[in-house]
Amino acid sequence: MLDWLRSSPAIDPRSLRLPASAALDERPLSAQRMVVVDLETSGLNLQRDQLLAIGAVVIEDGAIDLSQQFECTLCQPGHRAGASTLIHGIAPSAVAAGRDPAEALLAFMEFVDDSPLLAFHAPFDQHMLERALRETLGYRLRHPFLDVAVLAPLLCPDAPPYKGLDEWLGHFRLQASERHHASADALATAELALILFSKARRQGLDSLAELQRRAQSWKRRQLAHSL
């Protein structure tokens, strides 16, 4: 136990002032503030790779609020170019010139406030964000995440079995201004989410809490079918 306590990251006192997360509730989707986030990382290893960039936009009052956007590259000492650099295009020089990780993560969580988070393939973003916050600030992320990659097939059962964001954007004839760029991908995901929310309302689903319940049930059915 003592060894575990010694290895636990110290809590940055500034993180104690961050707003507590709010639980998902039954308010109409149009009455919700949601933060759509996309992360760029040094790779896909959940335990070793580093968080390099955060991009986020806000959905509020049933629309994307372009006055509320977040974009930041994090400084990660010792970062070197790798296979992922060819995908996201963030050069080691840009990472070296990035913002201090603690400052960046504090600023992002202040931007999020108590709002729920949305992402495409959310488990990856959630895990990487949780790990960065824990290791950098000693902060435990409690904000709920909704996965747009689950909401899409749930609300569009007649669509082909798409897996990636590009396929869903193409299905609805949406375009990302620059793929694998955190802010552009967050905006594209937000546009997709608004289309899905419109479909949800037509299906009698008009709250994040209900969508999360349906999404969890859908994932359980998919898991059962795969066994």
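Follow the chain from start to finish and the order of elements reads α-β-β-β-α-α-α-β-α-β-α-α-α-α. That makes 9 helices and 5 strands in all. Keep in mind that what you are looking at is a predicted model.

Let's start with the overall build. For a chain of 227 residues, a compact globule would have a radius of gyration near 17 Å, and this chain comes in at 18 Å, which agrees with that expectation. If you lay the C-alpha trace along its principal axes, the spans are about 50 × 45 × 40 Å. As for how the fold is held in contact with itself, take the contacts with a separation of 6 or more: 72% of them join residues 24 or more positions apart.

Now for inside and outside. Of the 227 residues, 47% count as buried. The surface that the chain exposes adds up to about 11,900 Å², and carbon and sulfur atoms supply 52% of that area. On the charge side, there are 23 positive and 28 negative charges, and the mean positions of these two sets lie 6 Å apart.

For a good look at the interior, go to helix α6, residues 148-155. Why can we call this helix largely enclosed by the rest of the structure? Because 8 of its 8 residues are buried, and buried here means under 20% relative accessible area. Those residues are V148, A149, V150, L151, A152, P153, L154 and L155. What do they pack against? Two strands are on the list, β4 (117-119) and β5 (145-147), along with the helices α7 (165-171), α8 (182-202) and α9 (208-226). The N-terminal end of α6 has a cap, too: D147 places a side-chain oxygen 3.0 Å from the backbone nitrogen of A149.

From there, move along to the loop between α7 and α8, where the picture is quite another one. R173 is found in this loop, and with a relative accessible area of 79% it is exposed. Q175 lies in the loop between α7 and α8 as well. Its relative accessibility is 72%, so Q175 counts as exposed, the cut-off being over 50%. Q175 and L192 are 17 residues apart in sequence, and their C-alpha atoms are 10.0 Å apart in space.

R173 has something else to show, this time in its backbone. Most residues other than glycine have a negative phi. R173, though not a glycine, has a positive phi near 60°. Where else does this turn up? D113 also has a positive phi, about 60°, without being a glycine. You'll find D113 in the loop between α4 (101-112) and β4. Is D113 buried, exposed or partly exposed? Its relative accessibility is 33%, so D113 counts as partly exposed.

One last stop is on the other side of α4 in the sequence. A97 sits in the loop between α3 (92-96) and α4. With a relative accessible area of 65%, A97 is exposed. How far is A97 from L74? The two are 23 residues apart along the sequence and 8.1 Å apart in space, C-alpha to C-alpha.

Technical notes
Residues are numbered from 1 along each chain as its sequence is written. This is a predicted model: local features need pLDDT of at least 70, side-chain atom pairs count only at pLDDT 80 or more; totals for chains, interfaces and linings use all residues. Side-chain values use heavy atoms; hydrogens and water are left out. Buried means under 20% relative accessible area, exposed over 50%, partly exposed in between (1.4 Å probe, protein chains only). Helices (H or I, at least four residues) and strands (E, at least two) are DSSP runs, numbered from the N terminus. Contact means heavy atoms within 4.5 Å. A polar contact is a pair of N or O atoms within 3.5 Å; within protein, one must be able to donate a hydrogen and the other to accept it, and residues adjacent in sequence count only if both atoms are side-chain atoms. The radius of gyration is taken over C-alpha atoms; the globule rule is 2.2 Å times the number of residues to the power 0.38. Accessible areas come from the Shrake-Rupley method with a 1.4 Å probe; for residues, only the protein chains shown count as cover. Lys and Arg count as positive and Asp and Glu as negative; His and the chain ends are not counted. The place of a charge is taken as NZ of Lys, CZ of Arg, CG of Asp or CD of Glu.
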